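Please open the model in your viewer and keep the selection panel at hand. The stops below are meant to be followed in order.

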Amino acid sequence: MKTTSKALVLFFLVVAAEANVIQSKITAPKWNNGLSAKVNDYVDETISMIGPFLQQNGLDPMELPEIEEGFEIRIVLITYSAWLKLHDGQMTGLVNVARSGDQNVNYFQKTLRVRVQLRFSDLEFAYRYLVKVMNIGPTGGIIGSLSHFDIIADVLIDFNTDEIQLQQFSIAERGRLRVRLTGNILFDWLLNPLITIFTTLFNGIIMSVVELTIRNVARGAIGAINSNIREVIDFIESFSNNQNVLL
């Protein structure tokens, strides 16, 4: 298995931190009632591995979809139809990732649930645009700067079937968006509607595509892990044994 896949295993499962505890106490009666633990230190130690994984899987920079959207502009008493085309878009900044809040693992009846919340900061969404209204076709660039967004990944590891399942993967929180234009100087009657329509598209289709793209990469990685589950388990066990030596 590639090093980046092993890194993802370490991060998403965070099992390496608790594997030895589970293996040594799995038969103890108190495990029947379940057990929870915080694994913040282990997440902090392994989170640096996520950036290279995202880059190698085409997520930073991430290509954004081409979008065409119609809208209306009202000038004085007249309403004009217009349309906006966004193209050559990309998002950068996913490598700026950190833990968000406490990270927990829960063990119950030979299943381990790992819930990780990540914060991605200082993201930039850049597009080229073309606007058509009243036979005018200004072009330029539009850049959206997002302070942050959080992603929650909920992973279930079933030791009964030796299978890993992605239970939840979603954007949970979003920070403030700032929009600026480059290139041609636009009149206010066109500038303000353009920023409004971009913000609407950003909050809708653009962020939906970002979430779906990251989720698909995560599912693909977990699928690869499941197909090589024995190697993954051996790798986790060796990591756990190394932790015991250090302790």
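Two strands are taken to pair if DSSP finds at least two bridges between them, and the elements themselves are DSSP runs numbered from the N terminus, helices being H or I with at least four residues and strands being E with at least two. This is a predicted model, in which local features need pLDDT of at least 70 and side-chain atom pairs count only at pLDDT 80 or more, while totals for chains, interfaces and linings use all residues. Residues are numbered from 1 along each chain as its sequence is written, and side-chain values use heavy atoms, with hydrogens and water left out.

Begin by selecting strand β6, residues 104-108, where V105 and Y107 make up the covered face, whereas N104, N106 and F108 belong to the uncovered one. In a regular strand the side chains alternate between the two faces of the sheet.

Next, add strand β1 (residues 35-38), which runs antiparallel to β6 and is joined to it by four bridges; here L35 stands opposite Y107 of β6.

Then select strand β7, residues 111-132, which is antiparallel to β6 and connected to it by five bridges, with V114 of β7 as the bridge partner of V105. Two residues lie between β6 and β7 in the hairpin that they form, and Q109 in this turn has a positive phi of about 50°.

Finally, move to R180, which is placed in strand β10 (residues 177-183). Leaving aside neighbours within four places in sequence, R180 is in contact (heavy atoms within 4.5 Å) with E124, G141, I142 and I143. The C-alpha atoms of R180 and I143 are separated by 5.4 Å, although these residues are 37 apart along the chain.

How values were computed. Buried < 20%, exposed > 50% of the residue type's maximum accessible area, 1.4 Å probe, protein only.
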